[in-house]
Amino acid sequence: MTEVEYHPKHDLIREERFPHVWCPGCGLGIELQCYLNALEKSGIPQNNHVLVSGIGCTARIPGYANLDTYHTTHGRGLPFATGMKIANPDLKVTVISGDGDLFNIGGNHFIHAARRNMDLLVICSNNFNYGMTGGQHGSTTPPTSKSASTPYGNIEPTFNLPYIASALGASYVARWTVMHPRQLTKSIRTAMDVKGFAFIEVLSPCPPNFGKFNGFKDGFEEMEFYRKSSVVQNDAKLEDISIDPFHGKDIVLGDFVNRKRASYITLEHELIDRIRGGGQ
Amino acid sequence: MNFLPPGKYFADGNFALTEGAIHAGCRFFAGYPITPSSEVLERMSIRLPEVGGHFIEMEDEIASMAAIIGASNGGSKSMTATSGPGFSLMQENIGLGVITETPTVVLDEMRGGPSTGIPTRVGQGDVMQARWGSHGDLAPITYAPNSVQESFDLEIEAFNAAETYRQPVIVASDQVIGHLTEILEVKNMEDYHIVQRETRKIRNGNEGVYDYSRDFTPMFEAGTGFRGNVDSLTHDERGYPSNESSVEKEMLEHLLNKVRKNEDKIVKYEEFLVEDSKLVVVAYGITSRSVKQAVKEARKEGLKVGMFRPITLWPFPEKRIRQLAEQSKEFIVPEINYGQYSHSVREYSQTEIKEMHFPPGAVPDYRVILKEIERCLK
């Protein structure tokens with residue numbers, strides 16, 4: 001038997017920080033690996049990649065990556081990243097955070113970062129609940145499903161994240177699950193080259209919380225359910241793809257949007273050149 | 001125009017604050033419009049592109065504060081400007097700036113409160129918010145200018161303090177100073193001391209993001225190859241999060257001591273006729289200008305009264321207040337609020353304090369203060 005001396009990605013991770021904090025059956029390890037695989041293939045120097053997050057289970061991903069990493073306050077990863085990217089546009093800034101962080105407490109920041117077409121890659125891990133605080137419901141909890149704070153079933157409609165991102169003008173929009181690691185890696189890799197706002201929703205199981213409350217016996221069963229409920233449809237009509245798997249509706253995945261639209265950084269640099277070029 | 005050329009200007013406080021920041025090297029501004037500080041945001045939108053800096057109007061003050069911390073970590077000296085309601089929203093990320101040791105400058109131009117209060121008129125109700133507004137233990141640095149000249153000069157000093165002590169530094173001005181027009185004298189650029197940021201780029205072996213054995217460790221900026229973790233969680237010197245009380249103790253004592261141990265260097269105040277005074281009036285910001293007038297009038301009557309004006313509200317000028325307490329049997333503390341800074345004056349001086357409460361909306365009338373001086377000394 002061969003001894004493994006190094007983690008195959010030892011230069012991309014902080015080995016001394018493992019084991020990680022995530023629960024058995026969680027999808028976040030897969031998500032981290034997909035990101036790192038995409039980073040390796042990106043051709044962008046490792047030192048130029050920066051990871052920013054808010055607060056929550058997903059927000060712990062940056063702490064394991066051997067990059068300049070910033071674990072900020074709840075919901076505020078996007079404005080933090082906005083400032084950083086503007087200050088140093090050579091950086092490839094990726095914001096990786098959860099659905100609660102990006103769309104509940106950080107919802108206002110999301111709509112404005114997308115509207116500005118800010119040059120950021122945003123990976124939103126959606127596990128349909130607040131994982132770190134014990135599985136309470138949020139704006140992404142599917143209709144009628146249970147959570148620590150919807151014991152009688154959720155009566156609120158959910159956010160349809162790709163539809164929101166697209167409507168706001170994001171340059172790139174996709175949705176995958178952690179059971180589609182190859183497609184997810186490719187999607188992240190593609191998004192790393194996008195000028196402007198790139199958004200990827202990643203569905204991920206939360207076995208001790210959302211999974212448990214909704215009758216899945218473990219993480220694998222929950223992942224399997226999402227995989228079986230999924231169909232890939234790149235040209236899907238985005239207004240129709242809200243997530244409602246417990247009423248027999250397919251989960252629609254795909255690379256939905258990849259369009260050229262002037263990005264914030266491009267326009268800001270044009271402005272600065274115009275002002276500094278003329279009449280000093 | 002790069003820097004405001006040396007010379008005399010007839011300018012308002014908001015102009016001075018903006019130009020002072022640009023002199024200090026501010027190259028990133030994120031803000032949200034709010035009366036009475038909007039002119040700072042507006043002028044920054046003109047000036048920063050001219051000097052190759054960056055201006056962005058954010059969706060709210062929470063985002064503004066987050067953006068300037070991000071920009072500072074990205075390599076720009078950064079600031080925001082706001083007033084009471086926005087300052088409340090910024091408290092969360094002021095804490096982020098403290099725990100991540102990120103230099104930024106926050107201008108809070110005080111107006112009437114609570115809540116929306118009197119947006120267009122003066123108040124001094126944020127001085128305790130500057131001290132205790134963000135949760136947890138902090139050692140804030142807060143400057144309170146009382147003139148257009150000081151708005152310029154202290155803005156530079158605030159940036160220097162932010163870079164030196166690596167934390168958000170607050171400039172607590174007020175609506176009247178912001179909109180007051182008077183003489184501003186700008187010196188040659190080389191006559192200003194500007195602290196340039198020191199950074200670390202290459203990481204040597206196990207070198208930490210922080211070094212708690214030293215008060216000051218240069219920060220690293222994103223993208224330079226340091227590969228550090230900057231965390232809002234309580235963290236050890238490596239920058240890694242921890243739940244250990246011992247780590248919290250080590251981190252927190254470092255955050256507090258780097259300011260507390262240097263209070264003598266940071267604290268600034270102005271004294272006016274205190275040498276022989278039996279009574280000292282403690283006042284800051286716009287109120288100090290009414291007090292100065294009252295003291296002058298009282299002196300004409302032969303009353304031995306002086307004024308002590310903290311220029312740094314925080315750290316509190318504790319040593320000097322204690323000394324003054326030995327010569328003066330009483331302090332008067334007039335403020336445009338219902339008693340805030342007076343609590344600290346009482347705590348540190350351990351003497352009788354006469355609070356004078358002025359409602360937000362107007363500059364205190366010096367004659368009211370004069371009457372109080374007369375009542376105390378006659």
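Colleague: Leaving aside its neighbours within four places in sequence, with which residues is Phe199(A) in contact?

Modeller: In this predicted model, Phe199(A) is among the residues with the most contacts inside the largest nonpolar core. Once neighbours within four places in sequence are set aside, its contacts are Ala114(A), Val122(A), Ala165(A), Ala170(A), Tyr172(A) and Val173(A).

Colleague: How many residues does the largest nonpolar core have, and which element gives the most to it?

Modeller: The core has 181 residues, and Met84(A), Ala198(A), Phe199(A), Val105(B) and Val281(B) have the most contacts inside it. In soluble globular proteins, nonpolar side chains tend to be buried together. The most, nine residues, is given to this core by helix 6 of chain B.

Colleague: Where does this core lie with respect to domain 1 and domain 2 of chain B?

Modeller: Chain B is divided into domain 1, residues 7-191, and domain 2, residues 268-377. Both domains give residues to the core, so it lies between them.

Colleague: Is helix 6 of chain B largely enclosed or largely open?

Modeller: Helix 6 of chain B covers residues 148-165 and reaches 25 Å from its first C-alpha to its last, close to the 26 Å expected. Just after this helix, Arg166(B) takes a positive phi of about 50°. A residue is buried if 20 or more other C-beta atoms lie within 10 Å of its own. Because 17 of the 18 residues of helix 6 of chain B are buried, the helix is largely enclosed by the rest of the structure.

Colleague: Which element gives the largest share of the side of domain 1 of chain B that touches domain 2 of chain B?

Modeller: The centres of the two domains of chain B are separated by 26 Å, taken over C-alpha atoms, and the contact takes 23 residues from domain 1 and 22 residues from domain 2. On the side of domain 1, two or more residues come from each of helix 5 (127-132), strand 6 (141-143), strand 7 (168-174) and helix 7 (175-179). That side divides into 12 nonpolar, eight polar and three charged residues. Its largest share, four residues, comes from helix 5 of chain B.

Colleague: Which element of chain A gives the most to the side that touches chain B?

Modeller: Between the chains, 32 residues of chain A are in contact with 38 residues of chain B. Strand 2 (68-71), helix 2 (77-87), helix 4 (107-115) and helix 9 (264-277) of chain A each give two or more residues to the side of chain A, which divides into 13 nonpolar, 14 polar and five charged residues. With eight residues, the most comes from helix 2 of chain A.

Colleague: Which residue of strand 9 of chain B stands opposite Tyr70(A)?

Modeller: Strand 2 of chain A and strand 9 (residues 229-231) of chain B run parallel and are joined by three bridges. Opposite Tyr70(A), in strand 9 of chain B, stands Val230(B).

Colleague: Does Asn117(A) count as buried or exposed?

Modeller: Asn117(A) is placed in the loop between helix 4 and strand 4 (121-126) of chain A. Its phi is near 55°, a positive value in a residue other than glycine. Most residues other than glycine have a negative phi. Because Asn117(A) has 23 C-beta neighbours inside 10 Å, it counts as buried.

Colleague: What is the omega of the peptide bond from Gly113(B) to Pro114(B)?

Modeller: Pro114(B) is placed in the loop between strand 5 (104-110) and helix 5 of chain B. The bond from Gly113(B) to Pro114(B) is cis, with omega near 0°.

Terms used:
Residues are numbered from 1 along each chain as its sequence is written. Chains are lettered from A and ligands numbered from 1 in the order in which they are written. This is a predicted model: local features need pLDDT of at least 70, side-chain atom pairs count only at pLDDT 80 or more; totals for chains, interfaces and linings use all residues. Domain bounds come from an automatic or database domain assignment. Two residues are in contact if their C-beta atoms, placed from the backbone, lie within 7 Å. Ala, Val, Leu, Ile, Met, Phe, Trp, Tyr, Cys and Pro count as nonpolar, Asp, Glu, Lys and Arg as charged, and the others, Gly among them, as polar. Two strands pair if DSSP finds at least two bridges between them. The expected span of a helix is 1.5 Å times one less than its number of residues. A residue is buried if 20 or more other C-beta atoms lie within 10 Å of its own, exposed if 12 or fewer, and partly exposed in between; C-beta atoms are placed from the backbone. A nonpolar core is a set of buried Ala, Val, Leu, Ile, Met, Phe, Trp, Tyr and Cys residues joined through C-beta atoms within 7 Å.
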